[in-house]
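Let's take a friendly walk through the aromatic rings of this protein model. Have the structure open as you read, and pick out each side chain as we come to it.

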Amino acid sequence: MGTSPARITPNASPTKMPTTHTENQSQVQTATPKMRASNINFYYGSFKALHDVSLDFAANKVTALIGPSGCGKSTFLRNLNRINETLRDTRIEGEITLDGENILDKDVTEIRRRIGMVFQRPNPFPKSIFENIIYGPRINGLLKNRSAAEVVEQSLRRAALWDEVKDKLHDSAYAISGGQQQRLCIARALAVDPEVLLLDEPCSALDPIATAKIEDLLVSLKHQCTIVIVTHNMQQAARVADTTGFFLLGKLIEHDKTDVIFKNPAKKETEDYITGRFG
Amino acid sequence: MRPFEEEFELLNDTLQEMGALVAHSVHRSVLSLVEKNEDYAHQVIRDESRIDQMEIQIDDLAASLIVREQPVARDMRLVVAAIKISTDLERMGDLAVHIAERALSLMTQPPLPETVNFGELSSLAESMVLSSLDSFVKRDAQAARGVLEQDDRVDRHRNAIQHQLTQLMQKDPSTVTRAIDYLIVARKLERIGDHATNIAEDVIFLAQGVDVRRPREAQVA
């Protein structure tokens, strides 16, 4: 009998290297990205929350941002449509472009029309379903060539909500379920025809059925706009995202095709986090 | 170590244990043939059910980890590799039994009029088994690639034995029954080499996330 194999620690992964942050963290080459964040540093007062983050967002793709709480992924997302500017004593360095133009130099209202956002908890206005949808198009002057009813129906259909609410459009938005409210918020964001849709943990307050509906919706919506989603649910990132970026301590550790991130990530930090060995 | 890590370690350890048992069976089956040792042959046949049970145990562990942990990255690769490797090991255990059964049959018959050299074929097949298992333990993709390179040599040795036995049967038809037993043994040893090759491919996937069965340009990572 030959020699027995020696025992070693299981799951040893000799190819993983600790991250050095001087290298480019993104492995996804995008010739003409819809959005590009370049060398973003962001400060809450004297606290530096983002460190030199660069990331491209390809058109009509879903990009997921993952990482532990406090890693900077939501802060980064909120910079993409300048929502962070509503906070006092914050400062951003770097450049964020939409179709090649720096959004930091543009009219913020126009930027937020082109880059919509959906938050963690559904936040419908205290109005009817109809009024929730039509508010944005009305204040943005988008009802010149289309009727309000047409815009409402189209937006609710795009959010896969029309069949469920078409008979109660003038009921309060609070009268529908949490999952429906979140899709209403997506429909409200879609009503102004955004080119990019940002979602900050949109399913964290929803049950699995409502979550599945939102995920199906995201996959179908990417044909109409570019999507960036922050999520703590790694299975969700694996299901819906074309590319995934991993953040840690305000740095983008790794960004690659979702298959690569979840099958064979390049960085040890990424693997430790997604396999639950973090910390 | 957190509880889920212990379960991945248990999967790893069970697979190593099964590998060691199969390697012993292959070795004993060869010895039963070469040394005409009945005890070894019966031991191989007895161990088959234990090997089958271990395959089921590994499948259960892997399924449980998939359901409860939804493994990704190196954990996912271990679960996928464990399911595939345990299947290959179980087949190798069966092949060892087939060799042991032929060895018992040949013990009741007179020797062939000329020597058939099984030494190189069996050594090579056993070496592939041990190297593939060792590469699994060490997560050594380079060693696993070395196993892949040995597969052609096994085929050549098996073809040489087949050629020799075919000529012998043509020359002396009274040898047909015994020669067929030897042909079967050669075929089983070659198949053991094939399964060792499969294990080596799985080890490369496990260690590096690379599927060597695919053309390079089709690989995800």
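Counting over all chains, this predicted model contains 7 aromatic pairs. One of them joins Phe42(A) and Tyr44(A), whose ring centres are 5.1 Å apart. The angle between their planes is 85°, and the pair is edge-to-face, because anything over 60 degrees falls in that class. The two partners have their own surroundings. Phe42(A) has a relative accessible area of 2%, so this residue is buried. Tyr44(A) comes in at 27% relative accessibility and therefore counts as partly exposed.

Now turn to Phe76(A) and Phe247(A), another aromatic pair. Here the centres are 5.4 Å apart and the planes meet at 40°, which makes the pair tilted. Where do these two residues sit along chain A? Phe76(A) belongs to helix 1 (residues 73–79), while Phe247(A) is part of strand 9 (residues 243–248). Because the partners are 171 residues apart in sequence, their pairing ties together distant stretches of the chain. Both Phe76(A) and Phe247(A) are buried. Look for Phe57(A) as well: ring pairs link Phe57(A) with Phe76(A) and Phe247(A) into a cluster.

Rings also meet charged side chains in this model. Which residue lies over the face of Tyr43(A)? That is Arg91(A), at 4.0 Å from the ring centre. A second example involves Phe125(A): the charged end of Arg188(A) sits over this ring, 4.1 Å from its centre.

How values were computed: Residues numbered from 1 in each chain as written. Chains lettered and ligands numbered in written order. Predicted model: local features only at pLDDT ≥ 70, side-chain atom pairs only at ≥ 80, totals over all residues. Heavy atoms only, no water. Phe/Tyr/Trp six-rings, centres within 6.5 Å; stacked < 30°, edge-to-face > 60°. Buried < 20%, exposed > 50% of the residue type's maximum accessible area, 1.4 Å probe, protein only. Helix = DSSP H or I, 4+ residues; strand = E, 2+ residues; numbered from the N terminus. Lys NZ or Arg CZ within 6 Å of the ring centre and 35° of its normal.
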